[in-house]
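Visitor: I am new to reading structures. Please take me through one, feature by feature.

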Amino acid sequence: MAELTLIELLYGKGAHADPIVCIEDLSAELAGRRVNNLPHSIWQITWHINFWTDYELRRIRGEKPRYPQHAAESWPPPEPPPTDAEWEKEITRFSELIGVLASIAGADSYELNREVPVMHPNQETRTSTVLAILWQMAAHNSYHVGQIALVRRALGAWPPRGGGDSW
């Protein structure tokens with residue numbers, strides 16, 4: 001049952017915005033646009049989510065990805081907005097990575113409770129099972145999808161065509 005809830009959260013059910021719907025109808029120009037007093041564009045936030053999702057999936061697969069020395073390494077370098085092709089690629093990657101997380105969340109309890117080696121000292125104080133990593137990713141992604149919704153609102157691009165709460 002908890003795994004079903006996790007899958008629902010990854011896809012934005014309940015109080016969580018649907019992450020895919022929040023980005024799929026944006027042009028590259030709009031996704032790359034910065035809003036005054038907000039640190040990142042939607043494109044940068046999406047890139048960041050993809051960075052950490054890929055990082056954690058690599059850990060789960062038994063690889064040993066390098067943990068960034070500085071938080072800035074998990075954000076794209078400041079550059080002009082992406083081209084349409086680059087943005088579409090990032091959207092596709094975003095959707096695929098969420099699908100992989102959801103697929104793993106449906107695994108058996110043996111796999112979900114499997115310990116995953118830590119890659120950085122700050123991870124040593126946390127449980128590093130596959131399931132714990134999945135819950136952490138659901139929380140991380142939900143936080144940043146909330147930022148995407150905020151940026152969209154500031155850009156006058158909310159709600160997305162696919163829907164979104166607008167009280």
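Guide: Let us begin with charge. Lys and Arg count as positive, Asp and Glu as negative, while His and the chain ends are not counted. The place of a charge is NZ of Lys, CZ of Arg, CG of Asp or CD of Glu.

Visitor: How many positive and negative side chains does the chain have?

Guide: There are 15 positive and 21 negative side chains. The centres of the two sets lie 4 Å apart.

Visitor: Where do the coordinates come from, and how are residues numbered?

Guide: This is a predicted model, where local features need pLDDT of at least 70, side-chain atom pairs count only at pLDDT 80 or more, and totals for chains, interfaces and linings use all residues. Residues are numbered from 1 along each chain as its sequence is written, and side-chain values use heavy atoms, with hydrogens and water left out.

Visitor: How many helices and strands does the chain have?

Guide: Helices (H or I, at least four residues) and strands (E, at least two) are DSSP runs, numbered from the N terminus. Here the chain has 7 helices and 0 strands. The radius of gyration is 16 Å, close to the 15 Å that the globule rule gives for 167 residues, so the chain is as compact as a globular protein of that length. That radius is taken over C-alpha atoms, and the rule is 2.2 Å times the number of residues to the power 0.38. Along the principal axes, the C-alpha atoms fill a box of roughly 45 × 35 × 25 Å.

Visitor: What share of the residues is buried?

Guide: Buried means under 20% relative accessible area, exposed over 50%, and partly exposed in between (1.4 Å probe, protein chains only). In this chain, buried residues make up 42% of the 167. Areas come from the Shrake-Rupley method with a 1.4 Å probe; for residues, only the protein chains shown count as cover. The chain exposes about 9200 Å², and carbon and sulfur atoms supply 55% of that area.

Visitor: What share of the contacts joins residues 24 or more positions apart?

Guide: Contact means heavy atoms within 4.5 Å. Take the contacts with a separation of 6 or more: residues 24 or more positions apart account for 72% of them.

Visitor: Show me one such residue. What does leucine 30 touch?

Guide: Leucine 30 lies in helix H3 (residues 28-31). Leaving out residues up to four places away in sequence, it touches Leu155 and Ala157. Leucine 30 counts as buried because its relative accessibility is 15%.

Visitor: How do I check the span of a helix?

Guide: The expected span is 1.5 Å times one less than the number of residues. Helix H7 (residues 130-154) has 25 residues and should span 36 Å; its end C-alpha atoms are 36 Å apart, which agrees. Now try H4. Its 19 residues reach 27 Å from first C-alpha to last, close to the 27 Å expected.

Visitor: Is H4 mostly covered or uncovered?

Guide: Mostly covered. Of its 19 residues, 15 are buried. Tryptophan 47 is in H4 too, but this residue is partly exposed, with a relative accessible area of 23%. Beyond residues up to four places away in sequence, tryptophan 47 touches Glu73, Ser74, Trp75, Pro76 and Glu90.

Visitor: Which residues take a positive phi?

Guide: Phi is a backbone angle to read with its sign. Glycine 62, just after H4, takes a positive phi of about 95°. Glycine 156, just after H7, takes one of about 75°. Asparagine 37 is a residue other than glycine, and its phi is near 70°. Asparagine 37 sits in the loop between H3 and helix H4 (42-60). At 80% relative accessibility, asparagine 37 counts as exposed.

Visitor: Which peptide bond is cis?

Guide: Look at omega. The bond from tryptophan 158 to proline 159 is cis, with omega near 0°. Proline 159 is in the segment after H7. It counts as partly exposed, at 42% relative accessibility.

Visitor: How far apart are proline 159 and glutamate 24 in sequence and in space?

Guide: Count both ways. In sequence they are 135 residues apart; in space they are 12 Å apart, C-alpha to C-alpha. Now take glutamate 8, in helix H1 (residues 2-10). Glutamate 8 and proline 82 are 74 residues apart in sequence and 30 Å apart in space, C-alpha to C-alpha.
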